[in-house]
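Student: Could we go through this model together? I would like to start with the overall fold and then look at some details.

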Amino acid sequence: MTQTVPPGWYADPSGQHGSRWWDGNQWTEHIQPAAPQAQPGGGGHPGGVAQYGEAAQYGGAGQYGGSGQGQGAAVPGQTWGTPLGVQPGAVHTNYNAEQVQRQVQEQAGVQPAGSGGGTLFSEPVLVVNQKTKIIEVTNEYAVFDQGGRQIGSVVEVGQGALKKAARVLTSWDQYFSHRLEVRDAAGTVQLRLHRPAKVLKSKVIVSLPDGAEIGVIAQQNVFGRIRFDLQAGGTTIGAIKAENWRAWNFSIVDHADVEVARVTKTWEGLMRTMFTTADNYVVQIHRPLPQPLHSLVVAAALTIDTALKQDSRGLG
């Protein structure tokens with residue numbers, strides 16, 4: 001049965017503004033700024049403006065459909081799914097705020113950055129922690145900001161009974177297709193990731209909720225230091241580069257080979273490593289990025305985990 005969402009003001013799914021008007025069928029160009037949010041030490045930054053280096057609002061350099069648009073700019077034909085999302089509810093893990101902060105600062109060596117806007121596309125640091133399961137048949141992740149507040153979830157979807165059985169009993173699922181949904185704190189889908197079936201090299205297609213392709217993250221090699229190219233419109237706009245053969249930490253660069261972000265896999269202890277396949281990552285974004293590069297960077301940790309973990313169960 002199709003769920004009807006009534007017209008109204010809802011959290012802007014693009015992360016660019018406070019709220020956007022849903023007319024009952026689609027998102028419109030009508031937006032409202034977020035309420036001013038008081039910051040420690042006094043003063044407020046309307047709309048959750050990023051403070052690291054006093055930069056403009058994170059993610060405001062560009063939108064999915066084109067170059068930067070102003071506060072009241074129209075977004076013709078733009079859709080991000082319905083305000084209520086596909087499946088409400090977050091993925092819950094046993095990580096508290098203190099543990100996440102320690103993971104960022106002590107394990108990943110990332111010092112506290114200026115506050116962002118509180119969304120997946122407005123924070124300079126994203127912490128991606130996989131839900132721990134003794135028997136893992138679907139991947140689930142919780143996404144936190146650097147302070148330990150959960151701002152999103154990632155859920156593997158489309159896993160039929162046969163595929164789940166193959167995952168538990170064999171390593172054949174490394175060759176199967178995998179689909180993930182990146183959801184915000186309200187459960188609204190922000191990105192879709194699809195890794196098609198493969199033999200050796202993985203490719204992840206990153207799309208908007210309506211299926212419009214944003215770009216592709218394509219693995220370039222199987223042996224040595226793993227590299228993924230970030231591609232959009234048939235052009236390479238950046239890369240994800242492993243810093244050693246174990247593919248533990250990654251540098252993300254733009255088209256000019258300048259580092260714009262880093263992905264660090266954090267060590268969670270011997271017991272967790274021995275008895276589960278859950279992995280945790282800290283994504284540090286150095287500066288505001290234009291689209292589509294920003295969305296590909298947000299998808300980076302999930303791409304690395306999905307592609308390389310599946311490989312590790314078989315030939316990889």
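The conversation below moves from the overall fold to individual strands, a helix and one side chain.

Tutor: One caution before we start: this is a predicted model.

Student: Noted. How many helices and strands does the protein chain have?

Tutor: The protein chain contains five helices and 17 strands. Of its 316 residues, 49% are buried.

Student: How are the strands arranged? Which of them close into a barrel?

Tutor: Twelve strands do so, in the order β6-β7-β8-β9-β10-β11-β12-β13-β14-β15-β16-β17, with antiparallel pairing. From one strand to the next, the twist averages 20°.

Student: And how many bridges join β6 to β17?

Tutor: Five bridges join these two antiparallel strands. Within that pairing, Asn129 has Asn280 in β17 as its bridge partner.

Student: What about the helix that packs there? Which strands does α1 touch?

Tutor: Helix α1 packs on the sheet and touches β6, β7, β16 and β17. The direction of α1 makes about 115° with that of β6.

Student: Which residues of α1 are buried?

Tutor: In α1, residues 97–107, the buried ones are Val100, Gln103 and Val104. Seen down the axis of α1, the buried residues fall within an arc of 90°, so they line one face of the helix. Their cover includes β6, β7, β16 and β17.

Student: Why would positions spaced like that end up on one face?

Tutor: An α-helix has 3.6 residues a turn, so residues three or four places apart point the same way.

Student: And the other side of α1: are Glu98 and Glu106 buried or exposed there?

Tutor: Both Glu98 and Glu106 are exposed on that side.

Student: What happens at the ends of this helix?

Tutor: The N-terminal end of α1 is capped by Asn96, with a side-chain oxygen 3.2 Å from the backbone nitrogen of Glu98. After α1 comes Gly109, which has a positive phi near 70°.

Student: Let us turn to the interior. How many residues are in the largest nonpolar core?

Tutor: That core has 44 residues, and those with the most contacts inside it are Leu193, Val206, Ile217, Phe228, Ile240, Ile252 and Val263. Helix α5, residues 300–312, supplies the largest share of this core, with six residues. Another core lies apart from it and has ten residues, among them Val100, Val104, Ala108 and Phe144.

Student: Val206 is on that list. What does Val206 contact?

Tutor: Leaving aside neighbours within four places in sequence, Val206 is in contact with Leu191, Arg192, Leu193, Glu213, Ile214, Gly215, Ile217, Leu296 and Ala299.

Student: Now strand β11. How many of its residues are buried?

Tutor: Four of the five residues of β11, which spans 203–207, are buried, and the strand is mostly covered.

Student: What pairs with β11?

Tutor: Strand β10, residues 189–195, pairs with β11 in the antiparallel sense over three bridges, and His194 stands opposite Ile205. Strand β12, residues 213–219, is joined to β11 by five bridges and also runs antiparallel to it. In that second pairing, Val204 stands opposite Ile217.

Student: How does the chain turn from β11 into β12?

Tutor: These strands form a hairpin with five residues between them, in which Gly211 takes a positive phi near 95°.

Student: What about β13 and β14? How many residues lie between them?

Tutor: There are two residues between β13 and β14 in their hairpin, and Gly233 in the turn has a positive phi of about 60°. The two strands pair in the antiparallel sense over six bridges, with Gly238 as the bridge partner of Leu230. On to the next strand, β14 and β15 pair in the antiparallel sense over five bridges, and Ala239 has Val253 as its bridge partner.

Student: One last residue: where does Lys241 lie?

Tutor: Lys241 lies in strand β14. Its relative accessibility is 24%, so Lys241 counts as partly exposed.

Student: Which residue makes a polar contact with the side chain of Lys241?

Tutor: The partner is Asp257, whose side chain makes that contact at 2.6 Å. Not counting residues up to four places away in sequence, Lys241 touches Ile226, Arg227, Asn249, Phe250, Ser251, Val253 and Asp257.

Technical notes: Residues numbered from 1 in each chain as written. Predicted model: local features only at pLDDT ≥ 70, side-chain atom pairs only at ≥ 80, totals over all residues. Heavy atoms only, no water. Buried < 20%, exposed > 50% of the residue type's maximum accessible area, 1.4 Å probe, protein only. Pairing = 2+ DSSP bridges. Core = buried A, V, L, I, M, F, W, Y, C linked by side-chain atoms within 4.5 Å. Contact = heavy atoms within 4.5 Å. Arc of directions from axis to C-beta. Polar contact = N/O pair within 3.5 Å; in protein donor to acceptor, adjacent residues only side chain to side chain. Axes fitted to C-alpha atoms, helices over the stretch in contact; angles between N-to-C directions.
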